Amino acid sequence: MDSVFHSFLLVALSEMGDKTQLLALVLTVRFKKPWPILWGILLATLLNHALASYAGGWISTWIDPQVLQYGLGALFIIFALW
């Protein structure tokens with residue numbers, strides 16, 4: 001559970017500075033209500049990461065760990081090149 005928590009925290013912190021920040025800025029300027037927008041973004045982010053963690057755990061029960069290791073490595077390389 002410790003590794004899941006640290007992965008969850010690391011992804012949540014790294015994802016906050018890109019599109020989410022721009023979305024929060026645009027919505028706040030347009031609707032002039034920053035707190036409901038920020039709470040909504042926080043809730044959506046937490047739910048998204050919880051769902052991704054759950055799905056990853058579920059998938060890992062169906063696929064061999066060695067296949068997951070090579071598949072995830074290949075995906076990281078593909079995203080790095082992209």
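1. A word on terms to start: a residue is called buried under 20% relative accessible area, exposed over 50% and partly exposed in between, with a 1.4 Å probe and protein chains only. The areas themselves come from the Shrake-Rupley method with a 1.4 Å probe, and for residues only the protein chains shown count as cover.

2. Please keep in mind that this is a predicted model, where local features need pLDDT of at least 70, side-chain atom pairs count only at pLDDT 80 or more, and totals for chains, interfaces and linings use all residues. Residues are numbered from 1 along each chain as its sequence is written, and side-chain values use heavy atoms, with hydrogens and water left out.

3. Helix α3 is a good place to begin, as it spans residues 34-62; helices here are DSSP runs (H or I, at least four residues), numbered from the N terminus. Tyr54 sits in this helix and is exposed, at 60% relative accessible area. Leu38 is in α3 too, but is partly exposed because its relative accessible area is 39%. From Leu38 to Leu51, 13 residues along the chain, the C-alpha separation is 20 Å.

4. Is His49, another residue of α3, buried or exposed? His49 counts as buried, with 10% relative accessibility. Its C-alpha atom is 9.2 Å from that of Leu9, although 40 residues separate the two along the chain.

5. Do look at the nonpolar surface patch of about 820 Å², made by Leu51, Tyr54, Trp58, Ile59, Trp62, Ile63 and Val67. Helix α3 contributes the most to this patch, with 5 residues. Patch residues have over 30% relative accessible area and no salt bridge; nonpolar side chains (Val, Leu, Ile, Met, Phe, Trp, Tyr) are joined within 5 Å, and like charges within 9 Å. A salt bridge is a side-chain nitrogen of Lys or Arg within 4 Å of a carboxyl oxygen of Asp or Glu.

6. The largest pocket holds about 850 Å³ of space. Its lining has 20 residues, with Ser7, Ala52, Ser53, Gly56 and Leu72 nearest the centre. Elements giving two or more residues to that lining are α1 (2-15), α3 and α4 (65-81), and α3 gives the most, with 9. (A pocket is an open set of points on a 1 Å grid over the protein atoms alone, where a 1.4 Å probe fits, with protein on both sides within 12 Å along at least five of seven lines; lining residues have an atom within 4 Å of a point.)

7. Lastly, Lys32 lies in the loop between α2 (19-31) and α3. Lys32 counts as exposed, at 64% relative accessibility, and its phi is near 60°, a positive value in a residue other than glycine.

Notes:
Grid points are joined across faces, edges and corners, and a volume is the space filled by probe spheres set on the points.
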